Amino acid sequence: MTLKLGVPSKGRLMEKTFQWFGKRGIALRRTGSEREYAAEVEGIDGVELVLLSAGEIPRELVAGRIHLGVTGNDLIEEKLANWEQQVKPLAPMGFGEANLILAVPAFWVDVTTLEDLDAAARAFRATHGRRLRIATKYHRLVRDFLQAEGVADYRLVDSQGATEGTVKNETAEAIADITSTGETLRANHLRILEDGLILRSQATLFKSRRAAFDETDRATLAQLQEMLGIDRAPR
Ligand SMILES: Nc1ncnc2c1ncn2[C@@H]1O[C@H](COP(=O)(O)OP(=O)(O)OP(=O)(O)O)[C@@H](O)[C@H]1O
Ligand SMILES: O=P(O)(O)OC[C@H]1O[C@H](OP(=O)(O)OP(=O)(O)O)[C@H](O)[C@@H]1O
């Protein structure tokens, strides 16, 4: 069989993934028209490229429909329960770096830490009769983080994009989202809590622990790991 490698199908992550493999002697390229999701691999036999949205790669790895996949570790850890049992990180790739953070309105001068947020959340509930809302698409990661940090009096509201706008739009009081330059937060008058770093993320090459690897696939994987300079530590 062929070893299926899932990579992001567009944008920054796709280009940088192609460059990363290219530097290591494996040419990935899209074929066909600009809009056609077809691609090819040169430099190694037995590898098939599958173009996917970064957000779908975790699910495809777990389903075993791809053997390897490139995506942010934030998406893996958010979308997969017990992710370490489902996939194995083979190589951090050094791009797509972003932090998942918790931020509040900049004018909340008394709220600079999680402890302050906890107090503010309790006060908010007492005053308004409802819980403080935190907008995010990272439900699992935010819930686990706040539970570990002892913050309880809040409610998550789902936001699948433009999350920083939810405070201004009055659909949330605080947000948890990915940031890299911090510009979107600043432009929306939001401030990161001093201890509000939930997770550091970067694009990472993952191996599925659920996909079936036949003998040919295992040989191809060994060759690929050799070319990519990845140590073959035990599963
Ligand atoms: N501003 C940013 N800088 C760097 N990396 C980012 C930034 N924002 C998001 N990322 C990372 O990129 C990945 C998400 O990429 P992308 O937005 O292409 O995925 P997606 O939401 O699945 O795309 P699609 O729009 O196809 O559904 C995540 O791992 C995230 O951490
Ligand atoms: O810190 P910055 O450099 O300003 O980057 C942060 C922004 O980038 C991402 O959004 P993206 O453009 O990927 O779109 P999204 O809102 O749909 O996730 C993220 O959700 C932030 O909104």
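Student: How do the residues of the shell around ligand 2 divide into nonpolar, polar and charged?
Tutor: This is a predicted model. The shell includes Gly161, Ala162, Glu164 and Asp177. Sorted by class, the shell around ligand 2 holds two nonpolar, six polar and three charged residues.

Student: Which element gives the most to the shell around ligand 2?
Tutor: Two elements each supply at least two residues: β10 (174-179) and α7 (183-187). Among the residues around the ligand are Asp177, Ile178 and Thr179. With three residues, the top contributor is β10.

Student: Which residues come nearest to ligand 1?
Tutor: There are 15 residues around ligand 1. By class, they are six nonpolar, eight polar and one charged. The nearest are Ser53, Ala54, Gly55, Gly72 and Ser180.

Student: Which elements each supply at least two residues of the shell around ligand 1?
Tutor: Look for helices and strands that give two residues or more. One of them is a strand, β5 (68-72). The full set is α1 (11-23), β5 and α3 (73-79).

Student: Why does ligand 1 lie between domain 1 and domain 2?
Tutor: The chain is divided into domain 1 (3-96 + 203-228) and domain 2 (98-201). Check which of them give residues to the shell. Ligand 1 lies between them because its shell takes residues from both domain 1 and domain 2.

Student: How far apart do the C-alpha centres of domain 1 and domain 2 lie?
Tutor: Take the two domains, 3-96 + 203-228 and 98-201. Compare the centres of their C-alpha atoms. The distance is 32 Å.

Student: Which element gives the most to the side of domain 1 that touches domain 2?
Tutor: The contact takes six residues from domain 1 and eight residues from domain 2. On the domain 1 side, one element gives four residues. That side has no nonpolar residues, three polar and three charged. The element is α3.

Student: Which are the edge strands of the sheet β4-β1-β5-β12-β6?
Tutor: This open sheet has five strands with mixed pairing. An edge strand pairs on one side only. Neighbouring strands are turned by 30° against each other on average, direction ignored. The edges are β4 (47-52) and β6 (87-92).

Student: What is the bridge partner of Val87 in β12?
Tutor: Five bridges join β6 to β12 (residues 203-208). The two strands run antiparallel. Opposite Val87 in β12 is Ser208.

Student: What angle does the direction of α8 make with that of β1?
Tutor: Two helices pack on this sheet. α1 touches β1 (3-8), β5 and β12, and its direction makes about 135° with that of β1. α8 (residues 215-228) touches β1, β4 and β6. Its angle with β1 is about 45°.

Student: What is the average twist from one strand to the next in the sheet β9-β8-β10-β7-β11?
Tutor: This is an open sheet of five strands, and the pairing is mixed. Its edge strands are β9 (154-158) and β11 (190-201), each pairing on one side only. From one strand to the next, the twist averages 25°.

Student: Do β8 and β10 pair in the parallel or antiparallel sense?
Tutor: Strands of a sheet pair through backbone hydrogen bonds, either parallel or antiparallel. Here β8 (residues 132-136) is joined to β10 by two bridges. Ile134 has Ala174 as its bridge partner in β10. The sense is parallel.

Student: At what angle does α5 run to β11?
Tutor: Helix α5 covers residues 114-128. It lies across β7 (98-105), β8, β9 and β11. Against β11, α5 runs at about 115°.

Student: Which residue in the turn between β2 and β3 has a positive phi?
Tutor: β2 (residues 27-31) and β3 (residues 38-42) pair in the antiparallel sense over five bridges. Thr31 stands opposite Ala38. The two strands form a hairpin with six residues between them. The residue, with a phi of about 75°, is Gly32.

Student: How far apart do the end C-alpha atoms of residues 55-226 lie?
Tutor: The unreviewed UniProt entry annotates this span as "domain: ATP phosphoribosyltransferase catalytic". The span is 35% helix and 31% strand. Its end C-alpha atoms lie apart by 28 Å.

Note on methods. Residues numbered from 1 in each chain as written. Chains lettered and ligands numbered in written order. Predicted model: local features only at pLDDT ≥ 70, side-chain atom pairs only at ≥ 80, totals over all residues. UniProt positions renumbered as here; feature names shortened; annotations may be inferred. Near = placed C-beta within 6 Å. Nonpolar A, V, L, I, M, F, W, Y, C, P; charged D, E, K, R; others polar. Domains from an automatic or database assignment. Pairing = 2+ DSSP bridges. Axes fitted to C-alpha atoms, helices over the stretch in contact; angles between N-to-C directions. Contact = placed C-beta atoms within 7 Å.
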